[in-house]
Amino acid sequence: MDFAIQIFARLHITDNITILITDTQVSTWIVMALLLIFAIIVRISSRNWDASKRPSGLQNVMEMAVDAFEKLFRGNAGDKMAFLTPWFFSLFTFLIFSNIIGIVGIRPPTADWGMTFPLAFSSFLMFNYAGLKSRPKAYLKGIFLEPVFIFAPINLMGEIAKPIAMSFRLFGNVLGGMILLSLIYGIAPLALQFVLPAFLHMYFDLAAGLLQAFIFTMLSIAFVGLASGD
Amino acid sequence: MEWYRSLFALDADTFIGMIPNLFSFIVVAGFLTYLLYNPVRRVLKARADRIEGDLSSAEDSKLSAAQLKAKYEQKVSEIEQERVSILDEARKQAGERRTQILDEAKSEAQDVKERAARDIATEREQIKSAVVEAIVDISTDMAARLISTSIDKNAHDKLFAEAMEELEATTAFRADTVTA
């Protein structure tokens with residue numbers, strides 16, 4: 001049984017730079033396509049949405065989701081950084097779709113550290129941007145001069161560790177669930193392969209997937225809030 | 001050529017592979033923001049603005065109603081003051097009129113009384129004069145009769161009695177006239 005990442009193609013950009021088209025990329029494109037279709041449906045549907053009438057159906061669900069997420073973001077990161085809400089909403093939506101796509105037998109993109117680290121790195125850029133934009137002196141002082149300047153290397157390591165820890169937490173959880181389910185499929189008798197994995201998919205893909213998406217997003221938002229001082 | 005990669009490796013392929021992954025997510029974020037988040041946010045904002053407008057309008061109406069109420073209360077207060085003032089003035093005028101009517105009535109009654117007293121006194125004087133005249137007439141008549149005829153004692157008494165009856169009748173007639 002091989003859990004390794006499959007390579008479908010190699011794109012040679014230069015002699016030294018080659019981009020591998022792996023199943024991570026393919027499943028990412030599938031997730032992108034699903035999200036794009038969903039977003040287009042919402043966009044088309046939104047043309048008939050009337051703010052003066054009581055919302056129902058898809059409008060109700062989307063309004064509730066966006067409103068709840070915005071309140072969550074403002075509650076943890078403050079109002080000053082509210083313009084970053086769409087980015088983190090997209091991150092949360094992308095992670096949910098990426099984590100639970102394993103239910104239909106596609107390898108989750110987040111089971112590859114090559115996917116989780118860029119996402120964590122983008123969050124790292126966001127909370128550093130938030131800190132430098134909202135209170136640059138205090139933010140830099142907090143890293144380099146607190147409690148005293150000799151702690152600066154430790155503080156720097158702490159800051160760098162944030163995206164690494166976040167990326168490994170998500171990667172490990174999703175990969176662990178995927179490996180466990182693959183092992184169950186491998187060792188379970190044929191009769192049980194239609195019953196037992198269903199419950200495990202519910203936990204490892206759906207529950208754990210949603211939970212990890214929420215944890216990753218909440219940590220990113222909390223770091224933004226800490227950095228911006230709100 | 002290898003067609004599988006290990007689950008985790010810190011090599012060039014991994015880090016180069018991160019670039020399209022990050023780019024993919026940026027594209028997804030752009031799509032989701034433009035196609036999904038912004039339209040929903042726009043509807044939410046429109047609803048929030050409408051509710052805020054309704055609340056503001058209701059607040060304005062409430063303020064306007066409060067001002068109108070204060071204005072009406074002031075008018076009612078002014079009308080009440082005016083009513084009290086008019087009533088006081090009317091009472092005052094009625095009192096003055098009453099006093100005036102009473103004074104006039106008293107004066108008129110006094111006049112009537114005085115006039116009646118004067119009339120009574122005049123009538124009394126007239127009766128007195130009439131009685132005196134009657135007495136004088138009768139006496140003269142008696143004296144004339146006495147002188148013209150010789151009368152005996154019985155005739156004398158009879159003559160005297162007739163004179164007295166005439167006198168009484170004249171006096172009674174005068175008294176009835178005065179009383180009437």
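Here is a short chat between a student and a tutor about the two chains in this predicted model.

Student: Before we dig in, what kind of model is this, and how are its parts labelled?
Tutor: Residues count from 1 along each chain as its sequence is written, while chains are lettered from A and ligands numbered from 1 in the order in which they are written. Local features need pLDDT of at least 70, side-chain atom pairs count only at pLDDT 80 or more, and totals for chains, interfaces and linings use all residues, since what we have is a predicted model.

Student: Okay, how many helices and strands are in chain A?
Tutor: Both kinds of element are DSSP runs numbered from the N terminus: helices are H or I with at least four residues, strands are E with at least two. Read along the sequence, chain A goes β-β-α-α-α-α-α-α-α. Count those up and you get seven helices and two strands.

Student: Which strands form the open sheet, and in what order?
Tutor: Strands pair if DSSP finds at least two bridges between them. S1(A) and S2(A) pair antiparallel over five bridges, and a hairpin of five residues joins them. Strand S1 (residues 5-12) of chain A is also joined to S1(B), by two bridges. The order is therefore S2(A)-S1(A)-S1(B).

Student: Why do S2 of chain A and S1 of chain B have one side without a neighbour in the sheet?
Tutor: Strand S2 (18-22) of chain A and strand S1 (4-5) of chain B each have a single partner strand. One side of each is left without a neighbour in the sheet because both stand at the edges.

Student: What is the bridge partner of A:Gln6 in S1(B)?
Tutor: Follow the pairing between the chains: A:Ile5 stands opposite B:Arg5. Within chain A, A:Arg10 stands opposite A:Leu20 in S2(A). For A:Gln6, the bridge partner in S1(B) is B:Tyr4.

Student: At what angle do H2 and H7 of chain A pack, and what do we call that?
Tutor: Axes are lines fitted to C-alpha atoms, for helices over the stretch in contact, and angles run from 0 to 180 degrees between N-to-C directions. Under 35 degrees counts as roughly parallel, over 145 as roughly antiparallel, 65 to 115 as roughly perpendicular, and the rest as oblique. Helix H2 (residues 57-77) and helix H7 (residues 196-228) of chain A have axes 8 Å apart and an angle of about 40°. That makes H2(A) oblique to H7(A).

Student: Which residues of H7(A) are met by A:Phe73, A:Asn76 and A:Ala77?
Tutor: Residues are in contact if their C-beta atoms, placed from the backbone, lie within 7 Å. On the H2(A) side we have A:Phe73, A:Asn76 and A:Ala77. On the H7(A) side they meet A:Ile221, A:Ala222, A:Val224, A:Gly225 and A:Ser228.

Student: Which element gives the most to the side of chain B that touches chain A?
Tutor: The contact takes 33 residues from chain B and 41 residues from chain A. On the chain B side, the elements giving two or more residues are S1 and helix H1 (12-148). With 27 residues, the top contributor is H1(B).

Student: Is A:Thr116 buried or exposed?
Tutor: A residue is buried if 20 or more other C-beta atoms lie within 10 Å of its own, exposed if 12 or fewer, and partly exposed in between, with C-beta atoms placed from the backbone. A:Thr116 sits in helix H4 (residues 113-134) of chain A. Leaving aside neighbours within four places in sequence, A:Thr116 is in contact with A:Thr110, A:Ser167, A:Leu170 and A:Phe171. It has 29 other C-beta atoms within 10 Å, so A:Thr116 is buried.

Student: Which residues have the most contacts inside the largest nonpolar core?
Tutor: A nonpolar core is a set of buried Ala, Val, Leu, Ile, Met, Phe, Trp, Tyr and Cys residues joined through C-beta atoms within 7 Å. The largest has 49 residues, and H1 of chain B is one of the elements supplying at least two of them. Those with the most contacts inside this core are A:Leu35, A:Phe94 and A:Val224.

Student: Last one: which peptide bond is cis?
Tutor: Look at A:Pro147, in the loop between helix H5 (136-144) and H6 of chain A. Omega is near -10° for the cis bond, which runs from A:Glu146 to A:Pro147.

Key
Two residues are in contact if their C-beta atoms, placed from the backbone, lie within 7 Å.
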